[in-house]
Amino acid sequence: VRINPFLLTLEVDDFRPAEANGSPIASVHRLFVDLSATSVLHWAWVFSDIAIDGLDLHVVTDPPGQTNLAKLADVLRGNKPAAADPSSAPPRMLFGHVELSRSSLTYTDLSQPSPASATLAPIDIRLDQVATLPDRTGKYAIQARLPGGGTLAWRGTLFLRPLASQGELAIDDFKPAALWTFVQGDVRLAPPEGGVTLHTSYRFDFSGGRPQLVLSGGNLRVAGLALRQPGAGQPLLALEKVAASGVGLDLQR
């Protein structure tokens, strides 16, 4: 850990918190935080730059159904319930540039009869001028490789106060079989073949306390889909290609 009190910077290398039994919670190759002296002028915490390289996050749901991150949060709060005050404003913060690179997220579910796990890697996220100050808009861009080899690209604008976002979402060649272990106990089918591609515009708004989501102009394509019973050679359903354009969704309607 290196702190420069004159430049207001913090740098942490090779940070690896773990549970008491040694199970990893997360690891960070490098964390760099640059706190701007203009925080006094904005009457807010202003971070000129935050760079996170090589973050590997491990989320595990135990048999009772609680995640390791939730248990860690309880410990940090002294096992007191989180105080929920909808009227309280979030801390005033402004992030000039935030970048997450070469990172991964692994989720493991131990709450079902057959444990299941999936990993997103690599993940790259970029945020610019995102703030909790009222009516301040920022930009974001997310790129990730999905389990099974598909890709995700997600970009647009982001308001944190009130919470709202709009932009473009592109999922290319997502393999449903990569997540089949999470539902195989409820569906008596072998892992499905094929890939799904979805490109759409979206608008999300939570300013009124109710989530509002609108998808518009979407293009959906499913290729090489095949569903079989376990051990069967002949598929129950086989589709070479299904395509739809102009797909829309309004969550409220």
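Which residue in β6 is the bridge partner of Thr108? In this predicted model, the partner of Thr108 is Ser117, and the pair offers a convenient place to enter the structure, since it belongs to two strands that can be followed along the sequence.

Before following them, it helps to take in the chain as a whole. The secondary structure consists of two helices and twelve strands, and, read along the sequence, these elements follow the pattern β-β-β-α-β-α-β-β-β-β-β-β-β-β. The C-alpha trace spans about 70 × 50 × 35 Å along its principal axes. Of the 253 residues in the chain, 27% are buried, while the accessible surface comes to about 15,700 Å², with 61% of that area belonging to carbon and sulfur atoms. Among the contacts with a separation of 6 or more, 50% are made by residues 24 or more positions apart.

We can now return to the strands of the opening question. Strand β5, which covers residues 93-109, pairs with strand β6, residues 116-131, in the antiparallel sense over twelve bridges, and the two form a hairpin with six residues between them. Strand β6 also pairs with strand β7, residues 137-145, again in the antiparallel sense, here over six bridges. One residue pair in this second pairing is Asp128 with its bridge partner Lys139 in β7. The hairpin of β6 and β7 has five residues between the strands, and in this hairpin Asp135 takes a positive phi near 60°. Strand β6 is thus paired with β5 and with β7.

Further along the chain there is another antiparallel pairing, in which strand β11, residues 212-227, and β12 are joined over eleven bridges. Leu215 has Leu249 in β12 as its bridge partner. Strand β12 itself, residues 237-250, is hardly covered, for the count of buried residues among its 14 residues is zero.

The charged side chains give another way through the model. The chain carries 22 positive and 24 negative side chains, and the centres of these two sets lie 4 Å apart. Side chains of opposite charge can pair when their charged atoms come close, and a search of the whole structure finds ten salt bridges.

One of these salt bridges joins the side chains of Asp13 and Arg2, at 2.6 Å from N to O. This pair links distant parts of the chain, with Asp13 in strand β2, residues 9-15, and Arg2 in strand β1, residues 2-4, eleven residues apart. Asp13 counts as partly exposed because its relative accessibility is 33%, and Arg2 is likewise partly exposed, with a relative accessible area of 41%.

A second salt bridge is formed by the side chains of Asp74 and Arg77, at 2.5 Å from N to O. At a relative accessibility of 21%, Asp74 counts as partly exposed, and Arg77 falls into the partly exposed class at 35%.

The side chains of Lys175 and Asp173 also meet in a salt bridge, at 3.1 Å from N to O. Lys175 is partly exposed at 25% relative accessibility, and Asp173 is partly exposed with a relative accessible area of 35%. Elsewhere, salt bridges that share partners join Arg2, Glu11, Asp13 and Arg30 into one network, and the bridge between Asp13 and Arg2 described above connects two of the residues in that network.

Notes: Residues are numbered from 1 along each chain as its sequence is written. This is a predicted model: local features need pLDDT of at least 70, side-chain atom pairs count only at pLDDT 80 or more; totals for chains, interfaces and linings use all residues. Side-chain values use heavy atoms; hydrogens and water are left out. Helices (H or I, at least four residues) and strands (E, at least two) are DSSP runs, numbered from the N terminus. Buried means under 20% relative accessible area, exposed over 50%, partly exposed in between (1.4 Å probe, protein chains only). Contact means heavy atoms within 4.5 Å. Accessible areas come from the Shrake-Rupley method with a 1.4 Å probe; for residues, only the protein chains shown count as cover. Lys and Arg count as positive and Asp and Glu as negative; His and the chain ends are not counted. The place of a charge is taken as NZ of Lys, CZ of Arg, CG of Asp or CD of Glu. Two strands pair if DSSP finds at least two bridges between them. A salt bridge is a side-chain nitrogen of Lys or Arg within 4 Å of a carboxyl oxygen of Asp or Glu.
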